[in-house]
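Open the structure in your viewer and get ready to click along. We will go from stop to stop, selecting a few things each time and looking at what is there.

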2 protein chains.
Amino acid sequence: MNTKLLIIDIATTLFQQKGYLGVGLNEILKACNISKGSLYHHFPKGKEELLIACLQSMNEEVTTDIEEIFKQYQTTQEATQAMIGKLVEDFEREDTIAGYTFSSIVSEMASLSEPVRNACSLLYTKIQGIYSNKLVAEGFSKETANSIALMITASIEGGLMLCLTQKSSNPLKIISHVLPNLFKE
Amino acid sequence: MNTKLLIIDIATTLFQQKGYLGVGLNEILKACNISKGSLYHHFPKGKEELLIACLQSMNEEVTTDIEEIFKQYQTTQEATQAMIGKLVEDFEREDTIAGYTFSSIVSEMASLSEPVRNACSLLYTKIQGIYSNKLVAEGFSKETANSIALMITASIEGGLMLCLTQKSSNPLKIISHVLPNLFKE
DNA sequence: TCCTCCATACCAACCAGTCTGTTTTGTAGT
DNA sequence: ACTACAAAACAGACTGGTTGGTATGGAGGA
């Protein structure tokens, strides 16, 4: 069972960094130091099954990660900014995207594979739910909270894209600064 | 010269829909009804050269497109909403993304090819410039205008991503509705 | 003896890119 | 206006490498 988790762990990172099509099976095998037989033992349906497992794994990790941050701070504003701050740190340290995003996977696979599209959809929904709940707890109407939560998700996702193209964490920083202006009924 | 433009035209659409790695040369050739020799005659350096040509072509098309919309409407708010409205229409009609975005290409290629990353960066910068200029003309300070322009770009980019995963134009609609709340000094 | 787990050899399909040869086209000479 | 010729444009076969996926067999514990 350990091997399976190892595969998921490493493959998740690779998929996030290079996208689904950008990572070959052999690359994954080498990174994990396992053989093809082992991989296909744990994921008989192959690469796509592995991807979905990775997405589910990300789902749990990202969710608990964000939830923890959101428990630590009282207001959504503080929590959001702390969260983006963490993203900025990660980006500046590793110079690549390692969390909270799967745009590459979405844009590659959304039109190709329904199961993958669905897994991504679940992930976004869950994250938005965290934002939304906190906003409702602060007194926002459910509808407004959902709208703002969507804006947070979208702008972070797009912001990461801009950071990638500009090789700079500036876009996320600006977003972190501007976003709170939306937190009004 | 006609063939070259044809190739760029068709390849641009394919790249937008499926990403760089998602489109094979043979697929492009078939879609254009041309031969490999012809393609490599116009793009001696191969696929990546073609991609960059496509990005430049998108640059011009998208830029003039947005500029026209922004001339038609007096306020940035109206213009932005009209622009997003057009995106929504496109998405609902074709059920795929056809303009104003190249996230798939960015996320796939940003870390792999400097020239491509640069072409993408130019594109984003140019689009943001249009937003920013209009905002400055409305009286915003340059810094605020840049921040808001960045937020527009990021949220639209992320919004398209959400539309793709949810197979719905709702995210963009909500963004169009919420975005104007940012238009304050 | 099974069954889980892993390793390896192998496969057809496809990839981007090269090479050679043919057609088309523009141009200069008479 | 007709020919001659070179360059541009195109066609298609071919290559080496890689892709995801399969089939077979072995090691080790229950």
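## Stop 1: Aromatic pairs

A search of the whole structure, counting over all chains, turns up six aromatic pairs. One of them joins Phe15(A) and Tyr20(A): the ring centres are 5.6 Å apart and the planes make an angle of 40°, a tilted arrangement. Both partners are hidden from the outside, since Phe15(A) is buried and Tyr20(A) is buried as well. Before you go on, please keep in mind that this is a predicted model.

Now select Phe102(A) and Tyr124(A). Their ring centres lie 4.8 Å apart with 50° between the planes, so this pair is tilted. Which parts of chain A does the pair tie together? Phe102(A) sits in the loop between α5 (76-94) and α6 (103-109), while Tyr124(A) belongs to helix α7 (residues 114-137), so the pair links parts that are 22 residues apart in sequence.

Are these two residues buried or exposed? Phe102(A) has a relative accessible area of 1%, so it is buried. Tyr124(A) also counts as buried, because its relative accessibility is 1%. The cut-off for buried is under 20%.

## Stop 2: Charges over rings

Go back to Tyr20(A) and add Lys47(A) to your selection. The charged end of Lys47(A) sits over the ring of Tyr20(A), 4.4 Å from the ring centre.

There is another example to select: Lys4(A) with Phe43(A). Here the charged end of Lys4(A) is placed over the ring of Phe43(A), at 5.4 Å from the centre.

## Stop 3: A buried isoleucine

Next, click on Ile7(A), which you will find in helix α1 (residues 2-18) of chain A. How much of Ile7(A) is accessible? Its relative accessible area is 0%, so Ile7(A) is buried.

What touches Ile7(A), apart from its neighbours within four places in sequence? Select Cys32(A), Ile34(A), Leu39(A), His42(A), Phe43(A) and Leu50(A), which are in contact with it. You have already met Phe43(A), under the charged end of Lys4(A).

To get a sense of scale, draw a distance line from the C-alpha atom of Ile7(A) to that of Glu89(A). These residues are 82 apart along the chain, and the two atoms are separated by 26 Å.

## Stop 4: Where the chains touch

Move over to chain B and select Ser121(B), a residue of helix α7 (residues 114-137). Its relative accessible area is 16%, so Ser121(B) is buried. Which residues does Ser121(B) contact, leaving aside those within four places in sequence? They are Thr165(A) and Gln166(A), so try showing these next.

## Stop 5: DNA strand C

Select DNA strand C and the protein residues around it. There are 16 of them, and the closest are Thr3(A), His42(A), Leu25(B), Lys36(B) and Lys47(B). You may remember His42(A) as one of the contacts of Ile7(A). By class, this surface is made up of four nonpolar, nine polar and three charged residues.

Which elements each supply at least two residues here? From chain A there is α3 (36-42), and from chain B there are α2 (25-32) and α3 (36-42). The greatest share comes from α3(A), with five residues.

Which part of the strand faces the protein? Among the atoms of DNA strand C within 4 Å of the protein, 59% belong to sugar or phosphate, and the rest belong to bases. Zoom in on three residues that each bring a polar side-chain atom to a phosphate oxygen of this strand:

- Ser38(A), at 3.5 Å
- His41(A), at 3.0 Å
- Tyr40(B), at 3.0 Å

## Stop 6: DNA strand D

Finish with DNA strand D. It is surrounded by 16 residues, of which Leu25(A), Lys36(A), Thr3(B), His41(B) and His42(B) come nearest. Sugar and phosphate make up 59% of the strand's atoms within 4 Å of the protein.

Here α2 (25-32) and α3 of chain A, along with α3 of chain B, each supply at least two residues of the nearby surface. The top contributor is α3(B), with five residues.

Three polar contacts to phosphate oxygens of DNA strand D are good to look at:

- Leu25(A) uses a polar backbone atom, 2.6 Å away
- Thr3(B) uses a polar side-chain atom, 2.4 Å away
- His42(B) uses an N or O atom of its side chain, 2.5 Å away

Key
Residues are numbered from 1 along each chain as its sequence is written. Chains are lettered from A and ligands numbered from 1 in the order in which they are written. This is a predicted model: local features need pLDDT of at least 70, side-chain atom pairs count only at pLDDT 80 or more; totals for chains, interfaces and linings use all residues. Side-chain values use heavy atoms; hydrogens and water are left out. A residue is near a molecule or strand if one of its heavy atoms lies within 4 Å of it. A polar contact is a pair of N or O atoms within 3.5 Å; within protein, one must be able to donate a hydrogen and the other to accept it, and residues adjacent in sequence count only if both atoms are side-chain atoms. Helices (H or I, at least four residues) and strands (E, at least two) are DSSP runs, numbered from the N terminus. Ala, Val, Leu, Ile, Met, Phe, Trp, Tyr, Cys and Pro count as nonpolar, Asp, Glu, Lys and Arg as charged, and the others, Gly among them, as polar. Buried means under 20% relative accessible area, exposed over 50%, partly exposed in between (1.4 Å probe, protein chains only). Contact means heavy atoms within 4.5 Å. Rings of Phe, Tyr and Trp (its six-membered ring) pair if their centres lie within 6.5 Å; planes under 30 degrees apart count as stacked, over 60 as edge-to-face and the rest as tilted. A charge sits over a ring if NZ of Lys or CZ of Arg is within 6 Å of the ring centre and within 35 degrees of the ring normal.
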